[in-house]
Amino acid sequence: MVYTSSSSAIIRLPCTSSQSRFFHASDRRTASSLSFFFNKDLSSRKFLAAKSSYDSESSSLTVPASQKVTVSGTQSDEPALVTDQLETTNTAVADQALPDTDSSTMDDGGKVANTITEDSNAKPRTIPPPGKGQKIYEIDPMLSGFRDHLDYRYGQYKQLREAIDTHEGGLEVFSRGYEKFGFSRSATGITYREWAPGAKSATLIGDFNNWDPKADVMTRNEYGVWEIFLPNNADGSPAIAHGSRVKIRMVTPSGTKDSIPAWIKFAVQTPGEIPYNGIYYDPPEEEKYVFEHPQPTRPQSLRIYESHVGMSSTEPVINTYANFRDEVLPRIKKLGYNAVQIMAIQEHAYYGSFGYHVTNFFAPSSRCGSPEDLKSLIDRAHELGLLVLMDIVHSHASNNTLDGLNMFDGTDSHYFHSGARGYHWMWDSRLFNYGSWEVLRFLLSNARWWLEEYKFDGFRFDGVTSMMYTHHGLQVAFTGNYSEYFGLATDVDAVVYLMLVNDLIHGLYPEAVTVGEDVSGMPAFGIPVQDGGCGFDYRLHMAVADKWIELLKKRDEDWQMGDIVHTLTNRRWSEKCVVYAESHDQALVGDKTIAFWLMDKDMYDFMALDRPATPLIDRGIALHKMIRLITMGLGGEGYLNFMGNEFGHPEWVDFPRGDQHLPNGKIVPGNNNSFDKCRRRFDLGDAEYLRYHGLQEFDRGMQHLEELYSFMTSEHQYISRKDEGDRVIVFERGDLVFVFNFHWSRSYTDYRVGCLKPGKYKVALDSDDALFGGFSRVDPSSDFFTSDGWFDDRPNSFLVYAPCRTAVVYALVEGKKQAVEVDKEPVVIKKEPLEELVSEEVGQVEEEVGQVEEEVGPVED
């Protein structure tokens, strides 16, 4: 999600540590179905022969009449109960009897610890009860000055957890709303439920009843839940055919409207129509995809390939899940990434929104294929050992009223805040009311749905800054002052929701990864919920990309080494970050990628190897590699790259669009609905006769270097040199020594660099290698031996040749791979146990200190 640059300030840290058209069919039994994909050849698909999840029913819960919504059972008239909407998170709750349910157990402290077990041999998955939430003050003592706010926030979280435990049987049951709301099928028929308290009447319409609004009238209980049960046809077939279109017609305070069910699992756009149609999606067992491959365990270092399925083709078309599975996933694996982050999964009516204006939260985008196709993609990724992260949007929703949630029941306060607070003026979208009980159910269930049904391995939560503050981070320059984070501008309900969803995800899916897009630098963002934090595994380190754009607008002579290092390392101690030099934001039309900033129009004429490069091309290729490597080397514990940027993809991303006529009469020109710049030219990176290939190979080399040495997560990190005169940066991560010479003309011979460990070093990665489009000025076969004596506050040092505009990584060779071979398959290296490495390092330091004491006397701690 794009933010204004004014919101992307560097954070100062307290610690140095680091309307709808109707179609008719003859009757319910012979209703025509929308043949979007259902008649496709299924020969290449895998099939599922297993019990449908629709057969499962959660246990009934007992709550007082004043706090409950009565919902008829799916298979009988025996009622199950769900709670009413709570107006705020601090609503007083009377003492209640805890539900007698197999889905929850009591811990020693009397709290409900929710568990779920998939089979008799599986280890139960548990959502732990709330902790004390006090450890954050130990981690960051400066938070003590804002204890009132933080303790209130944690108290709100605990109170909400207790209310969910009491009324819903815990988060585990509460987060399975998709089993009750929307469409659910039993042996006797189909039940459809919808929460729409503002509606005066409701009927279910669709192909199955010839869109007759009088045929299937729904009933409403006193709490605004509308319901209808459709018994099976005489032959036992379901009343609604798989693949047929459905909508709910409601008479509302703002008029009669037809809406796509809020919990719909699939939606498509009928040719010739603008609004989408909801699709009753319930394929026969033999057409359901069965997952064959286990989900990978979470890697120590996260290397993410950010992607968009629709624009992943080399041709100017919308790509498919199947093509992405077969063509793009192997590419990602070969490049050396261990995770793929997929954008625009949730259905969105406007393609040009990049997937961020979601209309149907439980439905995968139909542009790229069927839900089964998406499952096949994810399974293939798992087969390749790739994590699949979903770019999930819970920060806002599309402003559409015909096919989205906006004004769903005719009121503007249904899922969203009413008035100005419920509208994001910059994004033209609606903002959720995180203090609403049913909104919490909807969003928590949505997160679980994608993990459970599609086997995603985690999420990148979009627009978290917008969620956490009532000003949404707009026109606000965060300076790092803690009062900016904990005050009246903080949306406590939203922060509590983030704590809940992280609790849910990490409790039921311990290997899942959560990444939050926060530009503000909210303290304790990446601290576990039980300790008082928000619970994210990673924060996106967004200031780095802004810094590179800032520098690229300047002359090389104006780049400050200290400024680069400070931006890359300026992150909160003990909170992990995913860093990137550029993401999809920088690739959008109106902005420039790093490659385009560096080389501009020369990229059109001088990227072929059979013609001389221009100085602009030489500079651009050199700096493109250096920027990416130093970003990965210093910027965080995870790394992200947007597809195509690894080889310096030319130009920008421009989605197909027509002319836009503004209310003031002005016309914003479109691009004639062209897909030409809404694709990825992977062929450029693969062409060995183009300079793009060298950039791609270097990115591959970076990924394999990190795979071999895990330097991003190494505990040993030390920056020994930031020389403004020489324009040199030297730092250590793990057993690697990184040497960057940013000078535009000076190369240095016999340049001494400090290091911790003595011994022989070899070149592990050289940006100037000819394979990477360089000039091969560094001999890869050379050995570099250390000499004793302190240099740049390091006990050892060695001499190197540092050509201008190069980055060279040196590795200690004992027991290590000597160089990264990107033209071969990755080699698995057996490394020493961490304890031995630490013991060895500590022993060496103690020995060195002893030697110094013999010469100069005792050394103080």
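Two strands pair if DSSP finds at least two bridges between them. Helices (H or I, at least four residues) and strands (E, at least two) are themselves DSSP runs, numbered from the N terminus.

## What you're looking at

This is a predicted model, so the local features below need pLDDT of at least 70 and side-chain atom pairs count only at pLDDT 80 or more, while totals for chains, interfaces and linings use all residues. Residues are numbered from 1 along each chain as its sequence is written, and side-chain values use heavy atoms, with hydrogens and water left out.

## Helix 2 and its two partners

Start with helix 2 (residues 147–168) and helix 8 (residues 492–508): their axes come within 10 Å and cross at roughly 55°. Those axes are lines fitted to C-alpha atoms, for helices over the stretch in contact, with angles from 0 to 180 degrees between N-to-C directions. That angle makes helix 2 oblique to helix 8 (under 35 degrees is roughly parallel, over 145 roughly antiparallel, 65 to 115 roughly perpendicular, and the rest oblique). The crossing is right-handed, meaning that the near helix is turned clockwise from the far one by less than a right angle. On the helix 2 side, the contact (heavy atoms within 4.5 Å) is made by His 149, Tyr 152, Arg 153, Tyr 154, Gln 156, Tyr 157, Leu 160 and Arg 161. Helix 8 brings Val 492, Val 495, Val 496, Met 499, Leu 500 and Asp 503. Sorted by class, that gives nine nonpolar, two polar and three charged residues (Ala, Val, Leu, Ile, Met, Phe, Trp, Tyr, Cys and Pro count as nonpolar, Asp, Glu, Lys and Arg as charged, and the others, Gly among them, as polar).

Helix 2 also meets helix 6 (residues 437–453), with the axes coming within 13 Å and crossing at roughly 85°. This pair is therefore roughly perpendicular. Here Leu 160, Ala 163, Ile 164, His 167 and Glu 168 of helix 2 touch Trp 437, Leu 440 and Arg 441 of helix 6. The split for this contact is five nonpolar, one polar and two charged. Leu 160 turns up in both interfaces, facing helix 8 as well as helix 6.

## A covered strand and a covered helix

Strand 19 (residues 387–392) is mostly covered, with six of its six residues buried (buried means under 20% relative accessible area, exposed over 50%, partly exposed in between, using a 1.4 Å probe and protein chains only). Leu 387, Leu 389 and Asp 391 point one way, while Val 388, Met 390 and Ile 392 point the other. Strand 19 has parallel neighbours: four bridges tie it to strand 16 (residues 339–343), and four bridges join it to strand 23 (residues 458–461). If you want landmarks, Val 340 sits opposite Val 388, and Asp 391 has Arg 460 of strand 23 as its bridge partner.

Helix 9 (residues 543–552) is mostly covered too, with eight of its 10 residues buried. Among the buried ones are Trp 548, Ile 549, Leu 551 and Leu 552, and Lys 547 is on the list as well.

## Two open antiparallel sheets

One open sheet has three strands in the order 33-37-36, with antiparallel pairing. Strand 33 (748–755) and strand 36 (787–791) stand at the edges with a single partner strand each, so one side of each has no neighbour in the sheet. Neighbouring strands here are turned by 55° against each other on average, direction ignored. Strand 36 pairs with strand 37 (residues 794–802) over three antiparallel bridges, and Phe 791 stands opposite Arg 794 of strand 37. The loop between strand 36 and strand 37 holds Asp 793. Its phi is near 60°, a positive value in a residue other than glycine, and at 58% relative accessibility Asp 793 counts as exposed.

The other open sheet has four strands, ordered 6-7-10-9, again with antiparallel pairing. Strand 6 (182–185) and strand 9 (219–220) are its edges, each pairing on one side only. Strand 9 and strand 10 (residues 225–231) are held by two antiparallel bridges, with Thr 219 opposite Glu 227 of strand 10. In the loop between strand 8 (201–206) and strand 9 you'll find Asn 210, which has a positive phi of about 60° although it is not a glycine.

## One buried loop residue

Leu 588 lies in the loop between helix 11 (584–587) and helix 12 (594–599). With a relative accessible area of 19%, Leu 588 counts as buried. Its C-alpha atom is 6.4 Å from that of Asp 654, 66 residues apart along the chain.
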